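Me: I would like to learn how to read the features of a model such as this one, step by step. Could we go through it together, starting with a single residue and then moving on to strands, helices and cores?

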Amino acid sequence: MTDRRLSLLGLAARAGAVTSGGFLTEKAVQTGEAVFVVIAENASANTRKKIQDKCTYYHVPYAFCETQDTLGHMIGKEARSCLAITDQNFGQQIAKRFGIEI
């Protein structure tokens, strides 16, 4: 079952507003490009902690979704542990679905 809160991710990915994977997500958070971050609940403990710590330090809101497979599927790629939304409008709409205001 796919997470309905993530239905906009495919559109955002096609628009070039998504950066996926641990390294690129971390870089987007550090450089200020990331507006909102989504982390898979089944990502490794190290990845979850690293991304959460970066988001907290750089004041980037984040949320968790079901699985890496779900996250990858929603953007048309293989399993992804995390991703960053880099567009303000997409970020606000996706965050709103998680009950987070940006």
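Me: Is arginine 5 buried, exposed or partly exposed?

Reply: Keep in mind throughout that this is a predicted model. The class partly exposed covers relative accessible areas between 20% and 50%, and arginine 5, at 32% relative accessibility, therefore counts as partly exposed. Arginine 5 is placed in the segment before α1, and, once residues up to four places away in sequence are set aside, it touches Phe64, Arg97 and Phe98. Its C-alpha atom is separated by 13 Å from that of alanine 40, which is 35 residues away along the chain.

Me: How many residues of β2 are buried, and which way do they point?

Reply: In a regular strand the side chains alternate between the two faces of the sheet. Here, Phe36, Val38 and Ala40 point one way from β2, while Val37 and Ile39 point the other way, and all are buried. Because five of the five residues of β2 are buried, this strand is largely enclosed by the rest of the structure. In β4, likewise, Cys82 and Ala84 point one way and Leu83 and Ile85 the other way, and all are buried.

Me: In which sense do β2 and β4 pair, and which strand runs parallel to β2?

Reply: Pairing is read from the bridges. β2 and β4 pair in the antiparallel sense over four bridges; in this pair phenylalanine 36 has isoleucine 85 as its bridge partner, and valine 38 stands opposite leucine 83. β2 and β3, in contrast, run parallel and are joined by four bridges, with alanine 40 standing opposite cysteine 65. These two strands, together with helix α3 (residues 45-57), make a right-handed β-α-β unit.

Me: Where does threonine 19 sit, and what is it in contact with?

Reply: Threonine 19 lies in strand β1, residues 18-20, and since the cut-off for buried is under 20%, its relative accessible area of 18% makes it buried. Three bridges join β1 to β4, and the two run antiparallel; the bridge partner of threonine 19 in β4 is alanine 84. Leaving aside neighbours within four places in sequence, threonine 19 is in contact with Leu24, Thr25, Leu83, Ala84 and Thr86.

Me: Which residues of helix α5 are buried, and why do they line one face?

Reply: The buried residues of α5, which spans residues 88-97, are Phe90, Gly91, Ile94 and Ala95. Viewed down the helix axis, they fall within an arc of 125 degrees, so they line one face of α5. Their cover includes α1, β2 and β4. The N-terminal end of α5 is capped by aspartate 87, a side-chain oxygen of which lies 3.1 Å from the backbone nitrogen of asparagine 89, while just after α5 glycine 99 takes a positive phi of about 80 degrees.

Me: Which residues touch the most other members of the largest nonpolar core?

Reply: That core has 21 residues, of which Leu6, Leu9, Phe36, Leu71, Leu83 and Ile85 touch the most other members. The elements giving two or more residues to this core are α1, β2, β3, α4, β4 and α5. Leucine 9, not counting residues up to four places away in sequence, touches Val18, Leu71, Met74, Ile75, Leu83, Ile85 and Ile94. Apart from this core lies another, of 10 residues, among them Ala28, Val29, Val37 and Cys82.

Key. Residues numbered from 1 in each chain as written. Predicted model: local features only at pLDDT ≥ 70, side-chain atom pairs only at ≥ 80, totals over all residues. Heavy atoms only, no water. Buried < 20%, exposed > 50% of the residue type's maximum accessible area, 1.4 Å probe, protein only. Contact = heavy atoms within 4.5 Å. Arc of directions from axis to C-beta. Polar contact = N/O pair within 3.5 Å; in protein donor to acceptor, adjacent residues only side chain to side chain. Core = buried A, V, L, I, M, F, W, Y, C linked by side-chain atoms within 4.5 Å. Pairing = 2+ DSSP bridges. Right-handed = clockwise from strand over helix to strand, strands pointing away.
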